[in-house]
Amino acid sequence: MEEQKENRPQAAPNEASAPPAAAARPPGRQQCRISDQETNGKKSTASPNDFSDPVYKEIAMTNGYINRMTREELRSKLAEFKLETRGVKDVLKKRLKNYYKKQKLMQKEPINRDSCYDYICVVDFEATCEEGNPPEFVHEIIEFPVVLLNTHTLEIEDTFQQYVKPEINPKLSDFCIRLTGITQDIVDKAETFTQVLQNVIEWMRQRELGTKYSYSMLTDGSWDMSKFLNTQCRISRIKYPSFAKRWINIRKSYGNFYKVPRNQTKLTMMLENLGMNYDGRPHSGLDDSKNIARIAIRMLQDGCELRVNERMHAGQLMTVSSLAPLEGAPAPQMPRYRN
């Protein structure tokens, strides 16, 4: 629900910051051709002690060549390797660098190409809202979508979607209806959040998540879990579900991986920078989740290691270090009721 998320407080630490301005391109440079013949024998400006392994030295040198390539040269080289050629220049550079790095490291020794998790569950809640979102307004979840992404096939394998009946503000505002496309009749006929959460958990159990297969939750920003789900659990008088206490914030992953500032990590901008258009109806929870999954797929293809980077602890949002042990979400269980 991007309209609401843009008014969120300052993000947790480790958000990507804007990269320094690129160095001026030297005049009269030759077109970069990535090959063993071209990179071997070239002098590096780095000291010999910077690279203890000749493979990493070669990778670093090649990255320098890639940095000097034009967008047309990048697209041509990507096409030669049968890689995706859509996206802004920085995305294309990152894609080509990761491809070349993987090729060189595989020649050196086999590497584990498996993803961190077998599956990623993409969630993007829709919630009650009013125009301007007054600070005292209590948001209640009215759509609970889940998109199941298989990280090995890089395909959307399944989806879940149910609407939710709000309790505190059962009548939707006209603004909310226009924004989300969810009508009053839809929520009037919907089940309570507690029952929908039970249905989600059963759906996840049937797919053996957390038992046979490892998985992680993924959201577009911090608010889905730290704000919407956290608030909704208090409204519904249940504990916060354990399977949702840790998740991948794709905005943070995208910014850190492609080295772009925080203001370039909105959903539509991420899609645009990757050369994709939004597919579906904006602010539909299920359609938003599918588009977020498309971004995740492209990032995995580009060599990004999507892993948990945020968590809830004692009701507070916290950052998870990339150096923390890799840990998938537990098998989903229905949380207990609050006392």
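Strand β5 (residues 215-219) is mostly covered, with 5 of its 5 residues buried. The model is a predicted one. Two sets of side chains leave β5 in opposite directions. Y215, M217 and T219 point one way, whereas S216 and L218 point the other way. Both sets are buried.

β5 has pairing partners in β1 and β6. Strand β1 (residues 119-122) runs parallel to β5, and 4 bridges join the two. Within this pairing, I120 has S216 of β5 as its bridge partner. Strand β6 (residues 246-249) also pairs with β5 in the parallel sense, here over 3 bridges. M217 stands opposite W247 of β6 in this pairing. S216 and M217, which take part in these pairings, point opposite ways from β5. Helix α9 (residues 223-235) completes a β-α-β unit with β5 and β6. The unit is right-handed.

Helix α3 was examined next. It comprises 14 residues, 54-67. At 1.5 Å a residue, a helix of this length should span 20 Å. The end C-alpha atoms of α3 are 20 Å apart, so the model agrees with the expected span. The buried residues of α3 are V55, E58, I59, M61, T62, Y65 and I66. They lie on the same side of the helix, because they cover an arc of only 165° around its axis. An α-helix has 3.6 residues a turn, so positions three or four places apart point the same way.

A UniProt annotation begins at residue 66. The unreviewed entry lists residues 66-100 as "domain: SAP". I66, one of the buried residues of α3, falls at the start of this range. Over residues 66-100 the chain is 69% helix and 0% strand. The end C-alpha atoms of this segment are 10 Å apart.

A loop residue, N169, was also considered. N169 is found between β4 (155-163) and α6 (174-180). Its relative accessible area is 27%, so N169 counts as partly exposed. Leaving aside residues up to four places away in sequence, N169 touches T128, F137, V138 and E140. One of these contacts, T128, is 41 residues from N169 in sequence. In space, the C-alpha atoms of N169 and T128 are 7.9 Å apart.

Technical notes:
Residues numbered from 1 in each chain as written. Predicted model: local features only at pLDDT ≥ 70, side-chain atom pairs only at ≥ 80, totals over all residues. Heavy atoms only, no water. Expected span 1.5 Å × (residues − 1). Buried < 20%, exposed > 50% of the residue type's maximum accessible area, 1.4 Å probe, protein only. Arc of directions from axis to C-beta. UniProt positions renumbered as here; feature names shortened; annotations may be inferred. Contact = heavy atoms within 4.5 Å. Pairing = 2+ DSSP bridges. Right-handed = clockwise from strand over helix to strand, strands pointing away.
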